[in-house]
Amino acid sequence: EWTARAANAESFPPVVFNITDGEATDCDDAELRAVAGQIKSLRTADGNVLLVNIHIAAADTSAASFFPSEEEPRYPNRYAALLYDCSSVMPAVFDEAIRAAKGPGAVPPFRGVSYNASADELVAMLNIGSISVKTE
């Protein structure tokens with residue numbers, strides 16, 4: 001509804017932060033991907049809604065991931081892999097901020113998802129996702 005209002009037509013698109021353990025109990029994987037696709041298809045003149053998933057799995061010792069690029073290893077946890085698929089590719093205007101948080105060797109495009117990230121990385125993720133910039 002917000003994206004459809006004329007008053008918001010030129011605004012930066014909404015950023016949706018989903019903080020979860022990744023285990024959907026109210027739908028199957030295909031339905032979750034479809035709903036995420038519907039959310040990501042909403043837009044303003046400045047770009048599409050960004051869906052950023054923060055996946056926290058208790059007692060999982062798998063390596064953490066934070067704004068991964070396509071070249072980074074895939075997740076060993078099926079829920080994390082599903083959330084990766086559901087997450088937005090971050091627009092290039094965020095690349096500099098993401099590189100600053102990840103390190104200079106980070107290569108875009110970056111996906112708006114984290115898996116077992118540290119507290120500092122989670123704060124950085126929320127800060128980066130909250131930056132209001134012109135995307136188009």
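Buried here means under 20% relative accessible area. With that cut-off in hand, helix α2 makes a convenient entry point into this predicted model. In α2, the residues Ala 80, Leu 82, Leu 83, Tyr 84 and Cys 86 are buried. The cover over these buried residues includes strand β1 (15-20), helix α1, strand β4 and strand β6 (113-115). Ala 80, itself a member of helix α2, has a relative accessible area of 1% and therefore falls under the 20% limit for a buried residue. Beyond its neighbours up to four places away in sequence, Ala 80 touches His 55, Tyr 75 and Tyr 115. A longer-range view is given by Ala 119, which is 39 residues from Ala 80 along the chain, with a separation of 18 Å between the two C-alpha atoms.

One of the elements covering α2 is helix α1, and the pairing of the two helices can be described in some detail. Two packed helices are described by the angle between their axes and the distance between the axes. For α1 (residues 29-41) and α2 (residues 78-86), the angle is about 30 degrees and the axes lie 9 Å apart. Angles under 35 degrees count as roughly parallel, and α1 and α2 are therefore roughly parallel to each other. The crossing of α1 past α2 is right-handed. On the α1 side, the contact is made by Asp 29, Leu 32, Arg 33, Ala 36 and Lys 40, while α2 contributes Arg 78, Leu 82, Asp 85 and Cys 86. By character, these contact residues divide into four nonpolar and five charged, with no polar residue among them. Leu 82 and Cys 86 of α2 take part in this contact and also appear among the buried residues of the helix.

Attention now turns to the nonpolar interior. The largest nonpolar core holds 16 residues, and the members that touch the most others are Phe 67, Met 90, Phe 94, Ile 98 and Met 125. Strand β4 (50-55) and helix α4 (119-129) are the elements that give two or more residues to this core. Of these, α4 gives the most, with four residues. A second, separate core has six residues, including Tyr 75, Ala 80, Val 113 and Tyr 115. Ala 80 of α2 is thus met again here as a member of the second core, and two of its contacts, Tyr 75 and Tyr 115, are also listed in that core.

Phe 67 deserves a closer look. This residue is found in the loop between strand β5 (65-66) and helix α2. At 0% relative accessibility, Phe 67 counts as buried. Leaving aside neighbours within four places in sequence, Phe 67 is in contact with Glu 72, Met 90, Ile 98, Lys 102, Phe 110, Arg 111, Gly 112, Val 113, Met 125 and Ile 128. The backbone of Phe 67 is also worth noting, with phi near 45 degrees, a positive value in a residue other than glycine. The preceding strand β5 contains Phe 66, which counts as buried at 5% relative accessibility. Contacts of Phe 66, again without neighbours within four places in sequence, are made with Ala 101, Lys 102, Val 113, Ser 114, Glu 121, Ala 124 and Met 125. By contrast, the C-alpha atoms of Phe 66 and Asp 46, 20 residues apart along the chain, are separated by 25 Å.

Phe 94 is found in the loop between α2 and α3 and is buried, with a relative accessible area of 1%. Its C-alpha atom is separated by 12 Å from that of Leu 126, 32 residues away along the chain. Phe 94 is also touched by Ile 131, a residue of the segment after α4. Ile 131 is partly exposed, with a relative accessible area of 32%. Its other contacts, not counting residues up to four places away in sequence, are Phe 12 and Ala 97. Ile 131 and Ala 97 are 34 residues apart in sequence and 9.3 Å apart in space, C-alpha to C-alpha.

Two further backbone features complete the description. Most residues other than glycine have a negative phi, and most peptide bonds are trans. Asn 116, in the loop between β6 and α4, has a positive phi near 50 degrees and counts as buried at 18% relative accessibility. The peptide bond from Pro 108 to Pro 109 is cis, with omega near 5 degrees. Pro 109 lies in the loop between α3 (95-102) and β6.

Notes
Residues are numbered from 1 along each chain as its sequence is written. This is a predicted model: local features need pLDDT of at least 70, side-chain atom pairs count only at pLDDT 80 or more; totals for chains, interfaces and linings use all residues. Side-chain values use heavy atoms; hydrogens and water are left out. A nonpolar core is a set of buried Ala, Val, Leu, Ile, Met, Phe, Trp, Tyr and Cys residues joined through side-chain atoms within 4.5 Å. Buried means under 20% relative accessible area, exposed over 50%, partly exposed in between (1.4 Å probe, protein chains only). Contact means heavy atoms within 4.5 Å. Axes are lines fitted to C-alpha atoms, for helices over the stretch in contact, and angles run from 0 to 180 degrees between N-to-C directions. Angles under 35 degrees count as roughly parallel, over 145 as roughly antiparallel, 65 to 115 as roughly perpendicular and the rest as oblique. A crossing is left-handed if the near helix is turned anticlockwise from the far one by less than a right angle, and right-handed if clockwise. Ala, Val, Leu, Ile, Met, Phe, Trp, Tyr, Cys and Pro count as nonpolar, Asp, Glu, Lys and Arg as charged, and the others, Gly among them, as polar.
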